[in-house]
Amino acid sequence: MPPADYFIGLMSGTSLDSIDAVLVSFEQGSLTLHDSQSTPLPASLRQQILALNTSGTDEIEQLAELDPELGRLFADACLALLHRHQLKPAQIRAIGSHGQTLRHRPTKGYSLQVGDPNVIAEQTGITTVADFRRRDLAAGGQGAPLVPAFHHQCFHSPNHNRVLINIGGMANITLLPADPEKPVIGYDTGPGNVLIDTWIQQQRDLPYDKDGAWAASGKVIDSLLNRWLSDPFFSAPYPKSTGRELFNERWLQRHIQPQMQAEDIQATLTELTARSIAIAIQQHDLISPEVYLCGGGSHNNSLKQRLEQHLGFGTQSTAVLGLHPDWVEACAFAWLAYRTINHQSGNLAAVTGARGERILGGIYLA
Ligand SMILES: Nc1ncnc2c1ncn2[C@@H]1O[C@H](COP(=O)(O)OP(=O)(O)OP(=O)(O)O)[C@@H](O)[C@H]1O
Ligand SMILES: [Mg+2]
């Protein structure tokens, strides 16, 4: 049997679209992606998770039930990858599981992910690393974003300044100066797809705005955009991170007036994501950076065009750098597990605001 060199990364993001699983291996810390798969989240589970994103009744019971249920789904996603490659659990060194975020409130000192790692370890027979964010929070950090360290490992170039933009439910940026003396900067810029998805789900009963086609049919409402952009989150200094606690349906409904057309609101939401990302990047004087997109929002053409227009230059997909944009996040959590198993830190203190670099997560042995 070959040595246990494989890792599995599991990501279930704020968009609540699917459970992403990747099978990867590392050589000197550098990653090879062998396979990936996406399992849609069942609609009933999606509703349960959404309900737990905000305060309600009987939360403890609901959370306690959801935790092992999601753990079982995460385990199934791993077992499917194993099966496809005829791999035995002993050939996988560890699973890195992000878990499903229910609440992320760093200002109150917590971030809560569920998907019980005990269940994952038990059902797969594979050591599982999970709960990556809370050590960083305990060290005074935001617990987020964690992907910039991985972006730095995978995508740093000594020849070019680079910017990575991950457009998931929320959007986050990583600035990678070519000069190794300059710090990596990374933070959440605000909503990514979350409000765009919410509006089209509510108005047209579609899961997302495919390729941004609906947004492209509308016109930006400047007054609405400016009111939304006046939210203090956008002008707050970094470190900062956010989630559905702020950018949710209630936030979206603020400032909407009855005479506004639904497609114009969609165009304005798309502009909001593009503009807030561009404004954030332009605050840092990174000269002629190469800009790479990842996350599901990288497929939204309308969003991409608006972003390029505000940045004043083109963007490319991380596929150009050898990693498909849909799998960067799941790969990041495989990498974080690799770091933890090897007793190496996973956070960048300059990004999260933690007191120092820390070995992240809890290890649930097989
Ligand atoms: N072809 C497409 N056109 C427009 N939007 C798309 C397309 N494909 C995916 N998306 C968007 O991407 C979203 C999923 O993105 P992704 O999986 O990166 O986010 P996530 O699960 O929230 O992850 P995270 O927030 O942790 O980065 C979908 O909900 C949808 O809005
Ligand atoms: Mg997703």
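These legends go with several close-up views of the predicted model.

Residues are numbered from 1 along each chain as its sequence is written, while chains are lettered from A and ligands numbered from 1 in the order in which they are written. Since the model is predicted, local features need pLDDT of at least 70, side-chain atom pairs count only at pLDDT 80 or more, and totals for chains, interfaces and linings use all residues; side-chain values use heavy atoms, with hydrogens and water left out.

**View 1. The whole protein chain, for orientation.**
The protein chain has 14 helices and 12 strands; helices (H or I, at least four residues) and strands (E, at least two) are DSSP runs, numbered from the N terminus. Its C-alpha trace spans about 65 × 50 × 40 Å along the principal axes. The radius of gyration is 20 Å, which agrees with the value near 21 Å for a compact globule of 366 residues; that radius is taken over C-alpha atoms, and the globule rule is 2.2 Å times the number of residues to the power 0.38. Of the 366 residues, 57% count as buried, where buried means under 20% relative accessible area, exposed over 50%, and partly exposed in between (1.4 Å probe, protein chains only). About 15600 Å² of the protein chain is exposed, with carbon and sulfur atoms supplying 48% of it; these areas come from the Shrake-Rupley method with a 1.4 Å probe, and for residues only the protein chains shown count as cover.

**View 2. Where the two domains meet.**
The assignment splits the chain into domain 1 (6-143 + 327-364) and domain 2 (147-314), with bounds that come from an automatic or database domain assignment. Their centres, taken over C-alpha atoms, are 23 Å apart. Across the boundary, 26 residues of domain 1 are in contact with 23 residues of domain 2; contact here means heavy atoms within 4.5 Å. Over the protein chain, take the contacts between residues at least 6 apart in sequence: 70% of them join residues at least 24 apart.

**View 3. A five-stranded open sheet.**
The strand order is 9-8-7-10-11, and the pairing is mixed; two strands pair if DSSP finds at least two bridges between them. Strand 9 (185-191) and strand 11 sit at the edges with a single partner strand each, so one side of each has no neighbour in the sheet. Even so, strand 9 is mostly covered, with seven of its seven residues buried. Strand 9 pairs with strand 8 in the antiparallel sense over six bridges, and Pro191 in strand 9 stands opposite Met170. Strand 8 (residues 170-176) also runs antiparallel to strand 7, again joined by six bridges.

**View 4. Strand 10 and its partners.**
Zoom in on strand 10 (residues 290-294) and you'll find five of its five residues buried. Glu290, Tyr292 and Cys294 lie on one side and Val291 and Leu293 on the other, so to speak two covered faces. Strand 7 (residues 162-167) pairs with strand 10 in the parallel sense over five bridges. Ile165 is a handy landmark: this residue stands opposite Leu293 in strand 10 and opposite Ile173 in strand 8. On to the next partner: strand 10 and strand 11 (residues 316-317) run parallel and are joined by two bridges, with Leu293 opposite Ser317. Between these two strands the chain passes through helix 12 (residues 301-311), making a right-handed β-α-β crossover; right-handed means that, with the strands pointing away from the viewer, the path from the first strand over the helix to the second runs clockwise.

**View 5. Two cis peptide bonds.**
Most residues other than glycine have a negative phi, and most peptide bonds are trans. Ala144 and Pro145 are joined by a cis peptide bond with omega about -15 degrees, and Pro145 belongs to the loop between helix 4 (134-138) and helix 5 (147-155). Tyr238 and Pro239 are also joined by a cis peptide bond, with omega about 0 degrees. Pro239 lies in the loop between helix 9 (232-235) and helix 10 (249-253).

**View 6. Two positive phi values outside glycine.**
Leu16 has a positive phi near 60 degrees and sits in the loop between strand 1 (6-12) and strand 2 (18-27). At 2% relative accessibility, Leu16 counts as buried. His343 has a positive phi of about 60 degrees, this time in the loop between helix 13 (328-341) and helix 14 (349-352). With a relative accessible area of 62%, His343 is exposed.
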